[in-house]
Amino acid sequence: MKSAVGSLKSTSLALFYSDFKEITKAKLAVSVVFSSIAGYFLGAYQIELWSVLLLAFGGYCMVGASNAYNQVIERDLDALMKRTRNRPIPSGRMTVNMAMTIAIVLTLLGVLALYALSPKTALFGAISIFLYTSVYTPLKTKTPLAVFVGAFPGAIPFMLGWVAATNDFGIEPGTLFMIQFFWQFPHFWALGWMLDEDYKRGGFKMLPTGKKDRSTALQIILYTFWMIVISIMPAFGFTGRLHLTLPAAVLVLLCGLVMLLFAFNLYIKKDNPSARKLMLASVTYISLIQIIFVADKLIS
């Protein structure tokens with residue numbers, strides 16, 4: 001009997017853990033934490049393990065809270081789409097009250113952890129939650145400009161690490177912000193292209209023209225181009241302490257040109273496989289350039 005009860009508890013905990021990962025979008029949260037830590041390494045004069053742990057914990061909490069709030073707000077729309085109908089709330093595995101409790105607890109823990117680093121870090125973290133849940137989420141069913149609005153909270157993590165390391169906001173974290181800001185557009189429009197039919201079931205307006213056409217693909221190319229330009233700006237001495245050596249700048253440029261080729265490929269073919277390749281290239285790009293930036297600082 002005790003064995004059966006223990007087994008049931010173990011199963012329940014495993015299911016809750018699985019749903020917790022899904023409602024906080026664990027994979028996305030971890031990628032955001034990676035971005036924040038990269039920004040911290042770039043800004044820090046000296047790496048402090050405790051600060052890195054606080055940033056990682058606080059960052060995960062803030063992203064997890066944003067995603068939990070988002071899934072509470074969009075629960076009825078999620079039930080209409082194939083890719084989201086099995087999420088914890090629309091599937092009935094988690095109540096709205098439980099999801100809100102998780103979101104609120106994560107918000108409080110995240111703000112406290114980031115405040116322990118610096119008040120400015122906590123402020124930017126709180127702003128990202130507000131913009132994501134109170135502005136971006138409601139706009140998704142009203143206008144394609146939602147992607148523009150969503151790019152602001154989405155661009156905060158990279159710069160957040162620098163602010164956490166320095167308690168200062170200037171040209172350096174501003175540049176990191178702009179890199180990730182422009183990156184958001186090709187990334188999310190490629191994703192929106194792939195999932196356009198499903199998004200329309202939920203009433204979401206994600207593509208800039210509302211269609212999978214060459215005008216959308218052209219805008220993807222233009223934003224990718226500006227992303228590349230801003231990514232190599234630190235090599236020219238315009239961005240304070242944030243700089244790139246020539247070899248590192250060449251690597252960043254090559255990564256960007258590869259992504260640009262995938263954008264042109266989508267413009268030519270206008271199909272879902274090309275959009276998927278671009279989306280994967282964008283994920284690879286942002287991770288690689290963050291590694292290059294950090295490695296270049298540590299080596300040079």
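In the predicted model, Thr24 is buried, with a relative accessible area of 0%; buried denotes under 20% relative accessible area, exposed over 50%, and partly exposed the range in between, computed with a 1.4 Å probe on protein chains only. Thr24 lies in the loop that separates helix 1 (2-23) from helix 2 (26-43), where helices are DSSP runs of H or I with at least four residues, numbered from the N terminus. When residues up to four places away in sequence are not counted, Thr24 is in contact (heavy atoms within 4.5 Å) with Ala29, Tyr60, Val63, Gly64, Asn67 and Leu106.

Residues are numbered from 1 along each chain as its sequence is written. As the model is predicted, local features need pLDDT of at least 70 and side-chain atom pairs count only at pLDDT 80 or more, whereas totals for chains, interfaces and linings use all residues; side-chain values use heavy atoms, with hydrogens and water left out.

Helix 7 comprises 21 residues (146-166), and its end C-alpha atoms are 31 Å apart, in agreement with the expected span of 30 Å, which is 1.5 Å times one less than the number of residues. A kink of about 45° in helix 7 is centred on Phe158, the bend being the angle between axes fitted to the seven residues ending at a position and the seven starting there. Of the 21 residues of helix 7, 16 are buried. Asn167, just after helix 7, adopts a positive phi of about 55°.

Zero disulfides are present in the structure, a disulfide being a pair of cysteine sulfur atoms within 2.5 Å. Cys61 counts as buried at 2% relative accessibility, and Cys255 counts as buried at 19%.

Terms used
Helix = DSSP H or I, 4+ residues; strand = E, 2+ residues; numbered from the N terminus.
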